[in-house]
Amino acid sequence: MHHAGPGSHTLTVVRQEESLGAARDLEFGLELLAKARAGDIGPTLRLYRPAPTVAFGQRDTRLPGFDAAAQACRDNGFEPLIRRAGGRAAAYHQGTLVVDHIEPDADAIAGSKSRFGYFGELFAETLRSIGVQAAVGEIPGEYCPGEYSVHGSAPAGGPQVKLVGTAQRVVSGGWLFSSVIVVEDSAPIRRVLTESYAALGLEWDPATAGAVNDLVPGVDVAAVEDALLATYTGHATLNTAAFSSLGA
C-alpha cells in the first residue's frame, strides 16, 4: 500500500447507515473502484452492515448442486449472489461489518499480494484490541478457506473460529480490498452455510463458523467499528464524509 508513512496517508471514512440491498451493495463497491481509477475519489474507506447475503464464488456456480444451494440460502432468508472474486461461498448479515477500502494506484497490481498480509494483520490487531486472541491464517475445515483469513479464540483459549474473510479486486489504476468481520449472531450464518455447502457437496467444519461475540461476549458491531478506526489511525490520517458524497 504505497504509504509514505503512518499519519501521512489520508483516508476518507464513509459510513453507509443502511444496506442498499444485497446486490446493490456489492455493485456499489465496484462503482467506487471505477471512480477511484478515474480520479473522481481518493483513498476511501466504506463501512456498512449488509443485508443477509451468501456470496458464492465463480467455481461454486459450476457444481451440480448450485441451484439447490441457492434455494437453501433463500429458504434461510439470505440472498444468493455470485461475486467476481475467487473463493467459496461466504455468508454475512446485519451482525457483520463490511469494510471496503478503495484506492487509486498507478501500480495497483504490484502490491496485490502484500495487501492480503497487510490487511490481515490490521484486522487481527483490531480484534486483539478488544480481547480476541486473533491471528492470520487458514484454519482446518474453515468455510471459504483462505491463506489470509483472520481467526480467533476466546481469551481462555478453546476452538479457533474464522472471523474475517477478505477479497480483492485489482484493475489498472486502482484496487478494492473488501473484508467481512462477523461480529454478532453467528447461528444463522452457520446454518445457511451448512445447508448450502451440503448442497454443493463441499466438506467443511461448521465449528469454524463463529462471531466475535461468541469469543468476547457483549461486543457488538459498533464496538468493532470503533476499534477498527482506532487501529487505522496508526496507519493513516482519517477524514469523514457523508455517504451521499459518494453518489450512491
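**A predicted fold with two sheets**

Leucine 45 stands opposite histidine 101 in strand 6. This pair offers an entry to the structure, which is a predicted model. Strand 2, comprising residues 44–48, and strand 6, comprising residues 96–105, are paired in the antiparallel sense over five bridges. On the other hand, strand 1 (residues 10–16) and strand 2 run parallel, and five bridges join them. Within that parallel pairing, threonine 44 of strand 2 is the bridge partner of threonine 12. To pass from strand 1 to strand 2, the chain goes through helix 1 (residues 22–38), and the resulting β-α-β crossover is right-handed.

The side chains of strand 2 deserve attention. Thr44, Arg46 and Tyr48 point one way from the strand, Leu45 and Leu47 point the other way, and all are buried. Because five of the five residues of strand 2 are buried, the strand is largely enclosed by the rest of the structure.

These strands belong to an open sheet of eight strands, in the order 7-8-9-10-6-2-1-11, with mixed pairing. At its edges stand strand 7 and strand 11 (237–241); each has a single partner strand, so one side of each is left without a neighbour in the sheet. On average, neighbouring strands of this sheet are turned by 20° against each other, direction ignored. At the strand 7 edge, strand 7 and strand 8 are joined in the antiparallel sense by four bridges, and alanine 134 stands opposite glycine 152 in strand 8. Helix 4 packs on the sheet, where it touches strand 6, strand 7, strand 8, strand 9 and strand 10, and its direction makes about 145° with that of strand 9. Helix 7, in turn, lies across strand 1, strand 2, strand 6, strand 10 and strand 11, and runs at about 30° to strand 6.

The packing of side chains can be considered next. In soluble globular proteins, nonpolar side chains tend to be buried together. In this model the largest nonpolar core has 33 residues, and Phe123, Leu127 and Ile181 are those with the most contacts inside it. Two or more residues each come from strand 1, strand 2, strand 6, helix 4 (112–128), strand 9 (161–171), strand 10 (173–182), helix 6 (212–215) and helix 7 (221–232). Isoleucine 181 illustrates the contacts: not counting residues up to four places away in sequence, it touches Gly95, Thr96, Leu97, Val99, Phe123, Leu127, Leu163, Val164, Val212 and Val224. Another core, of 20 residues, lies apart from the largest one, and its members include Phe56, Val182, Ala209 and Ala211.

A second sheet is also present. Three strands form this open sheet in the order 4-3-5, again with mixed pairing. Its edge strands are strand 4 (79–82) and strand 5 (90–92), each of which pairs on one side only. Neighbouring strands here are turned by 25° against each other on average, direction ignored. Strand 3 (residues 53–56) and strand 5 run antiparallel and are joined by three bridges; in this arrangement threonine 53 stands opposite tyrosine 92 in strand 5. Helix 3 (residues 66–75) packs on the sheet by touching strand 3 and strand 4, and its direction makes about 160° with that of strand 3. Helix 5 (residues 186–200) also packs on the sheet, touching strand 3 and strand 5, with its direction at about 155° to that of strand 5.

Loop residues may be examined in the same manner. Isoleucine 139 is found in the loop between strand 7 (133–136) and strand 8 (150–153). Its relative accessibility is 3%, and isoleucine 139 therefore counts as buried. Leaving aside neighbours within four places in sequence, isoleucine 139 is in contact with His151, Gln160, Val161, Lys162 and Thr208. Of these contacts, threonine 208 is 69 residues apart from isoleucine 139 along the chain, yet their C-alpha atoms are separated by 7.8 Å.

The cysteines complete the account. A search of the whole structure finds zero disulfides. Cysteine 73 is in no disulfide, and the nearest cysteine sulfur, that of cysteine 144, is 13 Å away; a disulfide would require the two sulfur atoms to be within 2.5 Å. Cysteine 73 has 0% relative accessibility and therefore counts as buried. Cysteine 144, at 13% relative accessibility, likewise counts as buried.

Definitions and conventions
Residues numbered from 1 in each chain as written. Predicted model: local features only at pLDDT ≥ 70, side-chain atom pairs only at ≥ 80, totals over all residues. Heavy atoms only, no water. Pairing = 2+ DSSP bridges. Axes fitted to C-alpha atoms, helices over the stretch in contact; angles between N-to-C directions. Contact = heavy atoms within 4.5 Å. Buried < 20%, exposed > 50% of the residue type's maximum accessible area, 1.4 Å probe, protein only. Right-handed = clockwise from strand over helix to strand, strands pointing away. Core = buried A, V, L, I, M, F, W, Y, C linked by side-chain atoms within 4.5 Å.
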